[in-house]
Amino acid sequence: MKKLKTLERVEFAQNGIRSEGFEELFDSFKENPKLRIINVQDNTIKSSAKVLIEILPNLKNLRVLNINDSLLGNKLSVKLFEAVKELEKLKTIECDYNEIEEAEFQEKIFDCLLN
């Protein structure tokens, strides 16, 4: 994937890819600043989400991020929303079924969206 530098859309929905595979995939996004759509819904990306969160602020052309049903949990979900705050072209974040259960973390996410 690192040799590909012109990707605009990446969709790996419901694939059962292991964490190591997602770490490699997310790391390859550094080489693809033109990415507009990322769809990794219905995969357990929890432990590899840190790599995604790290590179997200560099994806200035990102318009759609679908991480539905990825089991991020409270803390990783907040970190993800903090990472995308500055992405001016981002229009859609799909983040259903990520086990964001505690009100404290839900409020932090809403703060990211509103500020």
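The largest pocket in this predicted model has a volume of about 160 Å³. Its lining includes Phe81, Val84, Lys85 and Leu87. Leu90, Lys91, Thr92 and Ile93 also belong to the lining, as do Cys112, Leu113 and Asn115. Three elements each give two or more residues to this lining: helix 3 (73-84), strand 4 (92-94) and helix 4 (103-114). By character, the lining residues divide into seven nonpolar, two polar and two charged.

Take helix 4 next. Its twelve residues should span 16 Å at 1.5 Å a residue, and the end C-alpha atoms are indeed 16 Å apart. Phe105, Ile109 and Cys112 are the buried residues to look for here. Viewed down the helix axis, the buried residues of helix 4 fall within an arc of 55°, so they line one face of the helix. Turn to the other side of helix 4, and Glu107, Phe110 and Leu114 are exposed. Cys112 thus appears twice in this account: it is buried in helix 4, and it lines the largest pocket. The cover over the buried residues of helix 4 includes helix 3.

That leads to helix 3. It has twelve residues and reaches 17 Å from its first C-alpha to its last, close to the 16 Å expected at 1.5 Å a residue. Nine of those twelve residues are buried, so helix 3 is largely enclosed by the rest of the structure. The buried set runs through Gly73, Asn74, Leu76, Ser77 and Val78, and continues with Leu80, Phe81, Ala83 and Val84. Phe81 and Val84 also line the largest pocket. What covers the buried residues of helix 3 includes helix 2 (49-55), strand 3 (64-66), strand 4 and helix 4.

Ala83 gives a closer view of this packing. It sits in helix 3. Its relative accessible area is 11%, below the 20% cut-off, so Ala83 is buried. Ala83 touches Ile53, Leu56 and Pro57, leaving aside residues up to four places away in sequence. The C-alpha atoms of Ala83 and Ile55 are separated by 8.5 Å, while the two residues are 28 residues apart along the chain.

Just ahead in the chain is a loop residue to check. Ser70 is found in the loop between strand 3 and helix 3. Is Ser70 buried or exposed? At 0% relative accessibility, Ser70 counts as buried. What does Ser70 touch, not counting residues up to four places away in sequence? One run of contacts is Val40, Gln41, Asp42, Asn43, Thr44, Ile45 and Lys46. Tyr97 and Asn98 are contacts of Ser70 too.

One of those contacts, Asp42, deserves its own stop. Asp42 lies in the loop between strand 2 (37-39) and helix 2. Its phi is positive, about 60°, although Asp42 is not a glycine. At 30% relative accessibility, Asp42 counts as partly exposed.

Gln14 also has a positive phi in a residue other than glycine, near 50°. Its place is in the loop between strand 1 and helix 1. Gln14 is exposed, with a relative accessible area of 60%.

End at helix 1 (residues 19-28). Ser19, Phe22, Leu25, Phe26, Asp27 and Ser28 are buried there. These buried residues pack against strand 1 (9-11) and helix 2. Helix 2 has appeared before: it is also part of what covers the buried residues of helix 3.

Key
Residues are numbered from 1 along each chain as its sequence is written. This is a predicted model: local features need pLDDT of at least 70, side-chain atom pairs count only at pLDDT 80 or more; totals for chains, interfaces and linings use all residues. Side-chain values use heavy atoms; hydrogens and water are left out. On a 1 Å grid over the protein atoms alone, a cavity is a set of points where a 1.4 Å probe fits but cannot get out, and a pocket is an open set with protein on both sides within 12 Å along at least five of seven lines; lining residues have an atom within 4 Å of a point. Grid points are joined across faces, edges and corners, and a volume is the space filled by probe spheres set on the points. Helices (H or I, at least four residues) and strands (E, at least two) are DSSP runs, numbered from the N terminus. Ala, Val, Leu, Ile, Met, Phe, Trp, Tyr, Cys and Pro count as nonpolar, Asp, Glu, Lys and Arg as charged, and the others, Gly among them, as polar. The expected span of a helix is 1.5 Å times one less than its number of residues. Buried means under 20% relative accessible area, exposed over 50%, partly exposed in between (1.4 Å probe, protein chains only). The arc is that of the directions from the helix axis to the C-beta atoms. Contact means heavy atoms within 4.5 Å.
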